[in-house]
Amino acid sequence: MLLSVGGLLLLSACSSVSLVQEPERPVVAQTQEQEVQEVAPVAAAEPASAPAAPAYQNTTVAQLQQLIQARGVQELRTAYNGRFGASLLFSAETMTYYVALFQQREFWRVFKTTDESLAERMYTQYRQDTVDFAAADLERIKLQAEVANAEKKLNESADQLTVLQNDLALQRQQEALAIAQREESRREAQALAEQEREAREQLRELQRQIKELEQQRAGMLQRQKGR
């Protein structure tokens, strides 16, 4: 879509112009590398009777693409926010400024002017647009990290809970075993005490019988002597 701004053209459109995937590399340099490889062979093979180019190619985006391919612009500055970026480019031959707003690898808007101060203002606006557009995306990234961290802590807590539950179950099992062993030992002790009591009674009975027999034998010996 073309809009008139102070007698200049402002384009807001999507395009297939490729941009950098890695923020640290210049927009112009990378776009040139890709377009030199992809566009030149197509142009050479195009027949003379080829149909007219689509209308979207006759745009400020297409002009900037051609200038980038021909190394006709210099990148003055670029700002990145998440998947969005804004660039200020300058054509020394025509003394024209191009302000581009892009998302990932594609130009989104391009503003063209020969007014340096206006170009600077538009770049500032586009740079702020990247902040606004990227806000939700950056929030999503942070929330994803927070969710992942919460899930990690949840898993760690679940593991800790499982360990504590297993410890408690083992403790209860060992306690029940100890109680059972103690009860069994108590019963065995009672049985042994009963056996010991019976044995003492039997011993006393035997000792009484022995004593009686000894007394009887002693009495018989005395009677034998008295005869």
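Okay, one definition before anything else: when I say contact, I mean heavy atoms within 4.5 Å of each other. Keep that in your head for the structure above, which is a predicted model. Take the contacts in the chain between residues at least 6 apart in sequence: 53% of them join residues at least 24 apart.

So what's in the chain? You'll find three helices and six strands. Walk along the sequence and the pattern goes β-β-α-α-β-β-β-β-α. There are 227 residues, and 23% of them count as buried. As for the surface, the chain exposes about 16,100 Å², with carbon and sulfur atoms supplying 53% of that area.

Now let's go inside. In soluble globular proteins, nonpolar side chains tend to be buried together. In this model, the largest nonpolar core has 13 residues. Which of them touch the most other members? Those are L88, V99, F111, M122, Y123 and Y126. The elements that give two or more residues to this core are β4, β5 and α3, and that helix covers residues 116–226. The top contributor is α3, with five residues. Apart from this core lies another one, of 10 residues, and its members include L64, V73, F102 and F107.

Hang on to F102, since we'll meet that residue again in the aromatics. A pair of aromatic rings is described by the distance of the centres and the angle of the planes. How many aromatic pairs turn up in a search of the whole structure? Five. I'll show you two of those.

Start with Y80 and F102. Their rings sit 5.7 Å apart, centre to centre, with 70 degrees between the planes, and that pair is edge-to-face. Why edge-to-face? Because an angle over 60 degrees counts as edge-to-face. This pair links distant parts of the chain: Y80 belongs to strand β3, residues 74–81, F102 belongs to strand β5, residues 96–103, and the two are 22 residues apart. Are these two buried or exposed? F102 has a relative accessible area of 1%, so F102 is buried. Y80 comes in at 26%, so Y80 counts as partly exposed.

Next up, F84 and W108. Here the centres are 5.9 Å apart and the planes make an angle of 35 degrees, which makes the pair tilted. Again, distant parts of the chain are linked: F84 is in strand β4, residues 84–91, W108 is in strand β6, residues 106–113, and 24 residues separate them. F84 is buried, at 6% relative accessible area, while W108 is partly exposed, at 22%. The cut-off matters for W108, because buried means under 20%. These two also have company: F84, W108 and F133 form one aromatic cluster.

W108 has something else going on. R109 lies over the face of the W108 ring, 5.3 Å from the ring centre. And where does R77 lie? Over the face of Y123, at 5.7 Å from the ring centre. You've heard of Y123 already, as one of the well-connected members of the largest core.

Last stop: T113, which is found in strand β6. T113 is buried, because its relative accessible area is 2%. A polar atom of the T113 side chain lies 3.0 Å from the backbone nitrogen of D115.

If you want to look for one thing in the structure afterwards, try F102: a member of the 10-residue core, and the edge-to-face partner of Y80.

Methods
Residues are numbered from 1 along each chain as its sequence is written. This is a predicted model: local features need pLDDT of at least 70, side-chain atom pairs count only at pLDDT 80 or more; totals for chains, interfaces and linings use all residues. Side-chain values use heavy atoms; hydrogens and water are left out. Rings of Phe, Tyr and Trp (its six-membered ring) pair if their centres lie within 6.5 Å; planes under 30 degrees apart count as stacked, over 60 as edge-to-face and the rest as tilted. Helices (H or I, at least four residues) and strands (E, at least two) are DSSP runs, numbered from the N terminus. Buried means under 20% relative accessible area, exposed over 50%, partly exposed in between (1.4 Å probe, protein chains only). A charge sits over a ring if NZ of Lys or CZ of Arg is within 6 Å of the ring centre and within 35 degrees of the ring normal. Accessible areas come from the Shrake-Rupley method with a 1.4 Å probe; for residues, only the protein chains shown count as cover. A polar contact is a pair of N or O atoms within 3.5 Å; within protein, one must be able to donate a hydrogen and the other to accept it, and residues adjacent in sequence count only if both atoms are side-chain atoms. A nonpolar core is a set of buried Ala, Val, Leu, Ile, Met, Phe, Trp, Tyr and Cys residues joined through side-chain atoms within 4.5 Å.
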